[in-house]
Amino acid sequence: MPIKMKCGLEIHVQLETDSKLFCNCPTNYQDTPANTNICFVCLNQPGAKPFPTNKQAIEGALKIALMLDCKMNQEVIYFMRKHYNYPDLSSGYQRTSIPIGYEGDLNGIRIREVHMEEDPGQYKPDVGTVDFNRSGIPLIEIVTEPDMKSPEEARKFLKELIRVLEYSANARGEGTMRADVNISLEGGKRVEIKNINSIKGAYKALKFEMVRQKNLLKRGVEVQQETRAFLESQMITVSMRLKEEAEDYRYLPDPDLAPMQTEEEKLRIIKDEIPEAPHIKTKRFIKEYNLAEEHAKVLTSELELANAFEEVAKEIDPEFAALWMRDELKRVIYYNKMSFKESGISTSQLIELLEMIQNKEITTKAGKRIIEQLPHNSEIPRSIAEKMGLIGIIKEDEIINAAQQAIKENPEAVEDYNQGKKAAMNFLVGQVMRITRGKAEPEHTVKILLKLINSDN
Ligand code: ZN
Ligand code: MN
């Protein structure tokens with residue numbers, strides 16, 4: 001009988017904004033020398049008062065809460081001070097808002113709440129320095145109910161959540177993620193794991209914890225309620241503190257910040273602006289375009305790619321378009337290590353290319369070669385095809401001529417083949433390809449070559 005497990009997540013990701021949450025310092029902290037994107041406010045100097053809360057951050061957080069299908073908090077929203085002492089927090093408290101949304105859902109996992117926070121600085125315990133460039137960068141925190149039943153399910157949820165955040169364009173990616181995970185096994189107490197910085201880390205930490213707790217339960221040892229830290233380098237968790245030492249954050253409303261309220265009208269405008277969430281889009285693609293789930297997922301992996309597919313599918317048979325975009329287009333952008341958006345490939349280029357293939361103006365093989373030329377290239381596929389000499393499906397006698405030429409020029413290869421060296425055939429096919437500039441279909445070429453060689457014998 002497998003032991004049942006329950007897992008919930010608290011995920012922090014940086015919101016995408018130009019300036020910090022309570023001051024005008026820029027947020028591009030990763031490209032700047034330590035302690036340069038700072039001011040009296042985000043250094044929390046005595047007497048320095050926060051500016052009114054960054055509107056871009058609030059709007060981003062509202063959008064994300066809406067995309068996670070949350071009920072919106074219509075009451076006044078304010079920030080609390082969460083007190084704790086650590087070198088990266090010069091004020092001694094972290095400003096954290098009350099929930100802006102609650103009771104949401106992402107693919108059947110309930111979202112307990114969504115709120116905003118300020119990022120602390122970066123403390124390096126090994127050298128004893130603190131970099132405050134990050135201090136005050138707005139964060140969104142998403143808290144789930146303990147609805148995940150395996151490490152795999154938690155990983156799947158996190159991937160889907162990151163996709164929602166990417167779609168929103170209001171949050172930074174997995175690179176800024178910090179998650180706390182809580183896990184309990186049937187018959188054991190709840191254990192919290194802190195210090196997780198990636199989806200893979202969350203999965204590994206849960207796997208490790210599951211085995212550790214199972215072994216304890218098997219030996220009849222009680223699983224204690226405690227907080228553990230995940231050591232990413234070793235992929236293990238270690239005990240930080242037991243329940244008795246649990247922190248008291250002494251939450252109190254921050255008197256320096258005015259409470260905020262989002263007007264109904266504003267919320268309506270934001271609702272109209274948010275993109276369809278990726279998990280909803282995937283389901284719609286399956287139904288509307290009759291796609292397999294895996295294929296729909298590939299096409300919705302990026303908002304711009306999904307939008308491009310829908311544009312192309314207006315002009316080209318959706319099944320054919322889906323096949324090319326999920327296989328060949330994805331292959332090309334993956335190979336170039338870029339997103340579809342970064343590739344600069346336009347929908348009109350894709351439409352023209354697919355039309356040429358469908359109208360048999362070029363072969364499938366030629367289409368594959370042309371699509372490889374499209375990233376960062378505004379040229380139209382037709383002129384690329386012309387330049388590469390790929391226009392026109394090859395005629396039968398052209399292939400026969402090419403095959404005869406290949407045989408005539410390479411008697412040793414023919415001899416090798418007749419001696420039983422099958423690899424020699426590949427060489428001959430390669431020669432025909434070269435002569436026809438890749439326009440001949442390989443399988444058909446083999447048949448023609450065999451016919452000619454056998455008739456010579
Ligand atoms: Zn500042
Ligand atoms: Mn938090």
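**Figure 1. The whole chain, with its 16 helices and 14 strands.** Helices (H or I, at least four residues) and strands (E, at least two) are DSSP runs, numbered from the N terminus. The radius of gyration is 29 Å, well over the 23 Å that the globule rule gives for 457 residues, so the chain is more spread out than a compact globule. That radius is taken over C-alpha atoms, and the globule rule is 2.2 Å times the number of residues to the power 0.38. Along its principal axes, the C-alpha trace spans about 95 × 60 × 45 Å. Keep in mind that this is a predicted model, where local features need pLDDT of at least 70, side-chain atom pairs count only at pLDDT 80 or more, and totals for chains, interfaces and linings use all residues. As for bookkeeping, residues are numbered from 1 along each chain as its sequence is written, chains are lettered from A and ligands numbered from 1 in the order in which they are written, and side-chain values use heavy atoms, with hydrogens and water left out.

**Figure 2. Inside, outside and charge across the chain.** Buried residues make up 50% of the 457; buried means under 20% relative accessible area, exposed over 50%, and partly exposed in between (1.4 Å probe, protein chains only). Take the contacts (heavy atoms within 4.5 Å) between residues at least 6 apart in sequence: 68% of them join residues at least 24 apart. On the outside, the chain exposes about 23400 Å², with carbon and sulfur atoms supplying 50% of it. Those areas come from the Shrake-Rupley method with a 1.4 Å probe; for residues, only the protein chains shown count as cover.

**Figure 3. The manganese ion (ligand 2) and its protein donors.** His 12 (NE2), Glu 117 (OE), Glu 117 (OE) and Glu 141 (OE) lie 2.2 to 2.7 Å from the ion. Donors here are N, O and S atoms within 2.8 Å of the metal (3.2 Å for Na, K and Ca), and water is not among the atoms, so sites may look incomplete. Along the chain, the donors follow the spacing H-x104-E-x23-E. His 12 sits in strand S1 (residues 5-14) and Glu 117 in strand S6 (residues 109-118), so the pair ties together parts that are 105 residues apart in sequence. Both are tucked away: His 12 counts as buried at 13% relative accessibility, and Glu 117 is buried at 3%.

**Figure 4. Ser 135, in the loop between strand S8 (129-131) and strand S9 (138-144).** At 4% relative accessibility, Ser 135 counts as buried. Leaving aside neighbours within four places in sequence, Ser 135 is in contact with Lys 20, Cys 42, Asn 44, Asp 119, Pro 120 and Gly 121. Met 177 is 42 residues away along the chain, and the C-alpha atoms of Ser 135 and Met 177 are separated by 15 Å.

**Figure 5. Asp 317, in the loop between helix H7 (303-315) and helix H8 (318-335).** Asp 317 is partly exposed, with a relative accessible area of 40%. Its C-alpha atom is separated by 9.5 Å from that of Leu 354, 37 residues apart along the chain.

**Figure 6. Two loop residues with positive phi, Met 235 and His 376.** Met 235 has phi near 55°, a positive value in a residue other than glycine. Look for Met 235 in the loop between strand S12 (226-231) and strand S13 (236-242), where it is partly exposed at 24%. His 376 also has phi near 55°, and its place is in the loop between helix H11 (364-371) and helix H12 (381-387). His 376 is exposed, with a relative accessible area of 62%.
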